[in-house]
Each structure stands twice: as C-alpha cells, then as structure tokens.
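These are my notes from a session of looking things up in a structure that was new to me. I went from one element to the next and then turned to the bound ligands.

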Amino acid sequence: MIVPTAALARLAYGRYAIGGYNINNLEQILGLFKGCIDSRAPFILQISKGARTYADKGMLEAMISRAKDMYPDAVFAVHLDHGDEKTCYDCIESGFYSSVMIDDSHEPFKENAAATKRVVEKAHPKGISVEAELGRLGGVEEHVTVDEGSAFLTNPDEAVQFVKETGCDLLACAIGTSHGAYKFKGRQSLHFDILEAIKKKIPGTPIVMHGSSSVPEEEVRRINAAGGKLDPSARGVDENDYLAAAKLGVTKINIDTDGRLVWTRVHREYFRDHPEEFDLRPPGKIFVQEYAKFVAQKNEKLGSAGKLPEIRQALQKAKS
Ligand code: G3H
Ligand code: 13P
Ligand code: ZN
C-alpha cells in the first residue's frame with residue numbers, strides 16, 4: 001500500500017525514524033520489500049534523478065507496482081530524492097509519488113524558499129508532500145557540488161522562517177553529515193543541538209537526515225579483501241545515534257551508500273570466489289537476500305521494525 005509521506009512522518013514523529021532507501025534496479029527493489037516485510041517496518045522508497053535516468057522512470061514505476069502486488073502487506077511511500085523544480089513537477093504530474101524533494105539548498109535562502117513554495121503549491125492540491133533542504137551537507141549531491149570547506153549547518157531560526165514561508169512538510173537539515181562513504185575522519189561530529197533547537201521552535205515539523213549511512217568497517221574490509229580499493233579510514237554515522245536523532249524529531253533517515261557497499265561486497269566476493277562464472281543471476285540472488293538482511297537490521301536501529309501493525313491500524317482509523 002502506497003501511503004502519503006506526511007502521514008508516515010506524523011505517526012513516527014518523536015518516536016522512531018523511517019528509512020529512506022534509494023533504489024535503482026530490480027534487485028534493490030526486491031531486497032527492500034523483503035527486508036521491510038521481514039522486519040515488519042514501514043519504509044520510504046526513494047528515487048533520485050540519476051536513478052530515473054539509469055533505469056528509466058517508467059520501468060522503475062512498473063517494477064515498484066509489481067513489488068507492491070507481490071508484498072500486499074507492505075506500507076510505504078514513494079519519494080523523489082534531491083529533485084530540481086522541473087523533476088518535481090514531472091513526478092507530481094505522474095501521480096505515482098507520495099512526496100517530492102525540492103533541493104535548492106545551494107541557492108540563497110530567498111530563492112530556495114521561493115522555489116519550495118512554488119512546488120508546495122503544485123504538490124499539496126494533489127495530496128503530495130514536499131521535502132525541502134536548508135543548510136548544506138558536505139560532499140556531493142546530484143546537481144549540487146559542495147566541498148567540505150563550504151558545507152554549513154542549518155540555522156534553527158532560519159528553519160522556522162523557512163517552514164512558515166514555504167509550507168513544506170519535511171525539512172532536511174544539515175547537522176554535520178555528508179553523502180557518500182567518506183563522511184568523517186576519526187570521530188563523527190553530529191550537531192544534535194541543532195535538532196534540539198528546531199524541535200523546540202517548531203515542534204511537530206518532521207526533520208530529514210541525509211547522508212546517514214554508517215559505512216561499516218567490516219564491509220569496507222571485505223570489499224578491499226576482494227579487490228576493492230576503498231579508503232579503510234572511511235567512517236559514517238554511528239547507527240546507535242539514529243534513535244536519539246528520532247527522539248529529536250528526525251523522522252526520515254536517508255540511506256544509500258551502505259546499500260551500495262552491500263552490492264559491491266557481494267559481487268566482488270562472488271566473482272573472486274567463482275572466477276569461471278559469467279551468469280549475473282547467482283550473485284544477483286545473493287544480493288537480494290543480503291540487501292533484505294541489511295534493510296531489516298537497519299530498521300531495527302531506526303526503531304521502525306515491528307511498527308507495521310500499529311501503522312496499519314492508525315491509517316485505517318484515519319480513513320474511517
Ligand atoms: O544523495 C544522493 C543519493 O545517494 C542518490 O545518489 O544521485 O547517485 O542516485 P545518486
Ligand atoms: P548516504 O550517502 O549516507 O547513504 O546518504 C544518502 C542520502 O542522503 C540520499 O538522499
Ligand atoms: Zn541526500
């Protein structure tokens with residue numbers, strides 16, 4: 001069942017976070033649905049601009065529709081990740097998306113707010129939620145390049161003004177994370193004080209944490225042992241901090257890189273151990289299982305595991 005993103009966020013707010021998982025292909029879709037059903041968790045399936053081009057946007061929609069039929073118990077939202085205005089409108093028009101993200105965080109406040117407001121005006125009449133971003137993450141977002149030096153954190157007072165002016169439903173905040181595998185050298189530095197201040201100033205506004213992969217050392221070690229060349233000092237977000245962030249209003253936690261690491265590890269190890277093989281299906285099958293296991297474990301850390309029954313009940317009650 002595809003449900004509004006804002007409804008999921010409302011139910012999770014202040015209690016647990018929902019995984020925003022990026023998908024690009026068949027195997028990720030199969031693994032994601034299986035992992036979320038195995039762990040009885042709601043989820044947000046997110047599609048980036050790059051994914052819509054790579055797999056063809058219609059192909060992705062067809063695969064997701066089929067997965068929905070294969071897993072009738074699944075409760076999830078479909079979300080455009082890091083969209084520009086044009087792509088947001090395309091997704092709103094398609095009728096398939098629960099929410100879109102307009103990412104004009106590289107623009108000054110005024111322009112960012114104006115674009116977000118325009119998207120909200122088109123999305124809300126169709127029951128589609130809007131995520132916007134204020135502040136800049138380090139690292140690279142699809143159409144936004146921000147080097148570590150110019151990354152800056154979200155200002156809580158500006159966040160209040162931004163939400164008020166734009167009417168956006170979810171706010172992505174920069175609290176010290178970045179996209180990709182190389183987030184921190186040594187200890188992580190997450191700015192929970194920013195979350196606390198935002199929660200105090202605008203209680204009830206769901207916050208989104210981008211760049212939340214944990215980049216497990218063991219995964220990096222296995223990839224390198226199978227021929228990879230990742231920097232072994234790569235560090236991500238401590239998974240044990242997900243719930244603490246959730247209690248401070250983070251309701252959507254975005255995870256892409258960790259899933260890519262699972263894919264890389266499975267395929268590198270498979271072809272290292274079976275150099276005579278050239279069938280893509282055996283490693284594909286292993287990946288689906290491993291990705292499902294990975295997603296189920298993440299959902300435990302996010303606190304969303306086991307929440308399906310109460311979510312179903314709440315959504316049913318809201319309908320009647
Ligand atoms: O934040 C970006 C996501 O990891 C999506 O990455 O634009 O390479 O699909 P992508
Ligand atoms: P990671 O690169 O940490 O997985 O972040 C993904 C993300 O923020 C997608 O929007
Ligand atoms: Zn992101």
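I began with helix α5 and looked up its packing partners: the buried residues of α5 pack against α3 (49-54), β3, β4 (99-102) and α6 (109-123). I kept in mind while reading that this is a predicted model.

Next I asked which residues of α5, spanning 85-94, are buried. I found Thr87, Cys88, Cys91 and Ile92, and these four cover an arc of only 140 degrees around the axis, so they lie on the same side of α5. On the other side of the helix I noted Lys86 and Glu93, which are exposed. I also looked at what follows α5, and there I found Gly95 with a positive phi, near 75 degrees.

I then turned to helix α9, residues 217-225, where the buried residues are Glu219, Val220 and Ile223. They cover an arc of only 100 degrees around the axis, and therefore they sit on the same side of α9. For their packing partner I noted α11 (257-273). Just after α9 comes Gly227, and I recorded that its phi is positive, about 110 degrees.

My next entry concerns the loop between β9 (207-209) and α9, because I wanted to know whether Ser212, which has its place there, is buried or exposed. Ser212 is buried, with a relative accessible area of 0%. A polar atom of the Ser212 side chain lies 2.8 Å from the backbone oxygen of Met209. Leaving aside residues up to four places away in sequence, I listed the residues that Ser212 touches as Lys183, Val237, Tyr242, Ile253, Asn254 and Ile255.

From Ser212 I moved on to ligand 2, since a polar backbone atom of Ser212 is 3.1 Å from an oxygen atom of this ligand. I also noted the side chain of Ser213, where an N or O atom is 2.6 Å from an oxygen atom of ligand 2, and the side chain of Asn254, where the corresponding distance is 3.1 Å. How much of ligand 2 does the protein bury? Taken alone, ligand 2 exposes 300 Å², and the protein buries 97% of that.

I went on to the shell as a whole: 15 residues surround ligand 2, and the closest are Asp81, Lys183, Ser213, Asp256 and Thr257. By character, the shell of ligand 2 divides into 1 nonpolar, 11 polar and 3 charged residues. Strands β3 (76-83) and β10 (250-255) each supply at least two residues of this shell.

My last entry is on ligand 1, which has 8 residues around it, with Ser48, His82, His179, Asp256 and Arg260 coming nearest. An oxygen atom of ligand 1 is 2.6 Å from an N or O atom in the side chain of Ser48, and for the side chain of His179 I noted a distance of 3.0 Å from an oxygen atom of the ligand. A polar side-chain atom of Arg260 also lies 3.0 Å from an oxygen atom of ligand 1. Taken alone, ligand 1 exposes 300 Å², of which the protein buries 78%. How does the shell around ligand 1 divide by residue character? I counted no nonpolar residues there, but 4 polar and 4 charged ones.

Definitions and conventions: Residues numbered from 1 in each chain as written. Chains lettered and ligands numbered in written order. Predicted model: local features only at pLDDT ≥ 70, side-chain atom pairs only at ≥ 80, totals over all residues. Heavy atoms only, no water. Near = heavy atom within 4 Å. Polar contact = N/O pair within 3.5 Å; in protein donor to acceptor, adjacent residues only side chain to side chain. Areas by Shrake-Rupley, 256 points an atom, 1.4 Å probe, with all protein chains shown as cover. Nonpolar A, V, L, I, M, F, W, Y, C, P; charged D, E, K, R; others polar. Buried < 20%, exposed > 50% of the residue type's maximum accessible area, 1.4 Å probe, protein only. Arc of directions from axis to C-beta. Contact = heavy atoms within 4.5 Å.
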